[in-house]
Amino acid sequence: MVKKQLSHTEILDDSILWNSLKEGNENAFSILFKRHYAHLVRYGNSFLPFPEKVQDCVQDVFTDIWIYREKLSDKVVVKAYLLACVRKRITRSQERDRIFRLSSSIDTVEFLFDFSIEHDRISEETTASKVSHLNHLINGLPSRQKEALYLRYTQELTVDQIADTLDINYQSANNLLHRALLSLRKDWKGNICCILMLVSLTF
């Protein structure tokens, strides 16, 4: 039954694929790899400005998942789990290679992702100057707040999942989002719902 479903990759849920790979299904593993690889690399590039090292880290994560598949938990949100694994793997890579000599934790490394909302992707009612100003405001936020926004509105994680990814508690994750949105609301003269919509358009 599962093998038959795997031929219809467009309708498979991550949880189905996850449980299938835990049972040793290579096809399920391959589908998950192809589905998540690009956005995991993009996330990794936000910490480490060395694309080849980031790709190695992402591939190492998937290698470990396959090797230790029988020990994996059944109840995980796959996307959030993979993001957290990549984050931790990059931390170890940085510490091992001493790329960031003064950093002992990824918490002290700047989130390098630049939000870039393209004018031609949004309503004509929003002027280019407003879009440029919003980009500037978002990219000027503290690193952790910007990362929380990225995880919430670009990766579409819940607050619980953001907390797990950042290895902090729920309240701390919620505070990061709250402070970021308060700052944007204060400095950008526009509807907060519009801000959230625009942030979700970044890739």
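## R35 and its partner

R35 is partly exposed, with 31% relative accessible area. This value, like the others here, belongs to a predicted model. R35 forms a salt bridge with D14. The closest N and O atoms of the pair are 2.6 Å apart. R35 lies in helix α3, residues 26-45. D14 lies in helix α2, residues 14-22. The pair therefore ties together parts that are 21 residues apart in sequence.

D14 has a relative accessibility of 16%. Buried means under 20%, so D14 counts as buried.

## Salt bridges that reach helix α5

The structure holds four salt bridges. Side chains of opposite charge can pair when their charged atoms come close. One of the four pairs was described above; two others involve helix α5.

D64 pairs with R89, the closest N and O atoms being 2.1 Å apart. D64 sits in helix α4, residues 51-67. R89 sits in helix α5, residues 78-97. This pair links distant parts of the chain, 25 residues apart. How accessible is D64? Its relative accessibility is 29%, which counts as partly exposed. R89, at 16%, counts as buried.

R87 forms a salt bridge with E147. Here the closest N and O atoms are 2.9 Å apart. R87 belongs to helix α5, and E147 to helix α7, residues 143-154. The two residues are 60 residues apart, and the pair links distant parts of the chain. R87 is buried, with a relative accessible area of 4%. E147 is buried too, at 1% relative accessibility.

## The largest pocket

The largest pocket has a volume of about 350 Å³. Its lining is made up of 17 residues. Nearest its centre lie A80, Y81, A84, C85 and K88.

Which elements give two or more residues to the lining? They are α4, α5 and α8, the last spanning residues 159-166. Helix α5 provides the largest share, seven residues. By character, the lining of the largest pocket divides into ten nonpolar, two polar and five charged residues.

## Between two domains

Where does the largest pocket lie with respect to the domains? Domain 1 covers 14-100, and domain 2 covers 125-201. Both give residues to the lining, so the largest pocket lies between them.

Helix α5 thus appears in both parts of this report. R89 and R87, each in a salt bridge, lie in helix α5. The same helix gives seven residues to the lining of the largest pocket.

Technical notes: Residues are numbered from 1 along each chain as its sequence is written. This is a predicted model: local features need pLDDT of at least 70, side-chain atom pairs count only at pLDDT 80 or more; totals for chains, interfaces and linings use all residues. Side-chain values use heavy atoms; hydrogens and water are left out. A salt bridge is a side-chain nitrogen of Lys or Arg within 4 Å of a carboxyl oxygen of Asp or Glu. Buried means under 20% relative accessible area, exposed over 50%, partly exposed in between (1.4 Å probe, protein chains only). On a 1 Å grid over the protein atoms alone, a cavity is a set of points where a 1.4 Å probe fits but cannot get out, and a pocket is an open set with protein on both sides within 12 Å along at least five of seven lines; lining residues have an atom within 4 Å of a point. Grid points are joined across faces, edges and corners, and a volume is the space filled by probe spheres set on the points. Ala, Val, Leu, Ile, Met, Phe, Trp, Tyr, Cys and Pro count as nonpolar, Asp, Glu, Lys and Arg as charged, and the others, Gly among them, as polar. Domain bounds come from an automatic or database domain assignment.
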